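Q: Please take a close look at a single strand in this structure, and describe its pairing and its surroundings in one connected account.

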Amino acid sequence: MIYLRNIAFYLTFYGSSIVLVLAAVLAGYFSPLWVRRVCDVWSGLHHWACENLLGIRIVETGQRPDHQVFYAIKHESFFEAIGLPHLFDYPALFAKQELFDIPGWGRAAREYGVIPVAREEGAKALRTMIREARPHVDAGRPIIIFPEGTRVAHGQRPPLGAGFAALYKLLGLPVVPVAVDSGPTYHSFWKRRGTITLHFGEEIEPGLPRREIEARVHSAMNALNHGNGVERTPQGQLD
C-alpha cells in the first residue's frame, strides 16, 4: 500500500502543481490577491494529499500566537516549505536565492512575498533582505525563516545561520520558534504513514542579546529531537 499511496500522492499533487504554478504566474500579471489565492489552493492541496493519500496526520501543539511575530522554523523536509501558505495566514518568508531560478516558480514566489537570500553576499544580502521584508512587516504579515539555512536530517542540531540574530534585531518583532519532525515520515521518496507535529514554542520578546536569542531559539526549535523517544542517528545535511 505504501507504493500505491505515494503514486497517488505524486500524480495528484505534482500533476496539479504544474497547472497551479502556471496559474500563479498568470495571476501575477493581474493582482497579488490572485497570486495569494492560487498559492493557498496549492498549499492546501498538499495538506489534503498528505493526510488523505499518504496517511500522514498533521497536528499542532503549543500556543499559536494571534498577532504578528517572526517565526523561526525547523526545516527537515519539503513538507514545511510547501505547507507554509496553508499553515500560516499569508506569511512572508525568506528562501535561498537558488529557488528563484526555477522557471515559473520564481516569479510566482516573488509576487507572493517570498524574499530571496543570497547567502554568498554577506552584509549586502542582509540589507536587501531587510529592505524587502519591511513592507511585509508594515502590512502586518507574519515573517518566517528557516534559521538553520537548509534542510537537516531529523535529530541533527546545526547552529543557526549568522543572519538570524541580525534580522531579529532589525525587524524588532517577537520570535516564536517552531519545532517540526517531518523528516522521518516525509523526507524519503517513498513517504510513510505517521504523524508530523508542529510545536509552537514560547514567544520570545524582541531586544535580547545575540547569544541569548540564538540559544533560546535553537533549543526550542529542536524540542522534538530529544527527550521524547524520536531522536535518530544524525545523517548529515540533506542539501
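A: Two strands are said to pair if DSSP finds at least two bridges between them. In this predicted model, strand β3, which spans residues 92-96, satisfies that criterion with two partners. With β5 the pairing is parallel and runs over two bridges; here Ala92 stands opposite Ile143 of β5. With β4 (residues 114-117) the pairing is again in the parallel sense, over four bridges, and Ala95 faces Pro116 of that strand. Between β3 and β4 the chain passes through helix α4 (residues 105-112), and this β-α-β crossover is right-handed. As for solvent, strand β3 is mostly covered, with four of its five residues buried.

The partner strand β5 (143-145) is preceded by a loop that connects it to α5 (123-138), and Ala139 lies in this loop. Ala139 counts as exposed because its relative accessibility is 58%, the cut-off for that class being over 50%. Between the C-alpha atoms of Ala139 and Gly155 there are 36 Å in space, at a sequence separation of 16 residues.

The wider setting includes the nonpolar cores. The largest has 43 residues, of which Phe9, Tyr71, Ile73, Phe88, Val178, Tyr186 and Leu198 touch the most other members. Apart from that core lies another, of 24 residues, and Ile143 is among them, as are Val117, Leu208 and Met221. Leaving aside residues up to four places away in sequence, Val178 touches Met221 as well as Tyr71, Ala72, Ile73, Lys74, Leu198, His199 and Phe200.

Conventions
Residues numbered from 1 in each chain as written. Predicted model: local features only at pLDDT ≥ 70, side-chain atom pairs only at ≥ 80, totals over all residues. Heavy atoms only, no water. Buried < 20%, exposed > 50% of the residue type's maximum accessible area, 1.4 Å probe, protein only. Core = buried A, V, L, I, M, F, W, Y, C linked by side-chain atoms within 4.5 Å. Contact = heavy atoms within 4.5 Å. Right-handed = clockwise from strand over helix to strand, strands pointing away.
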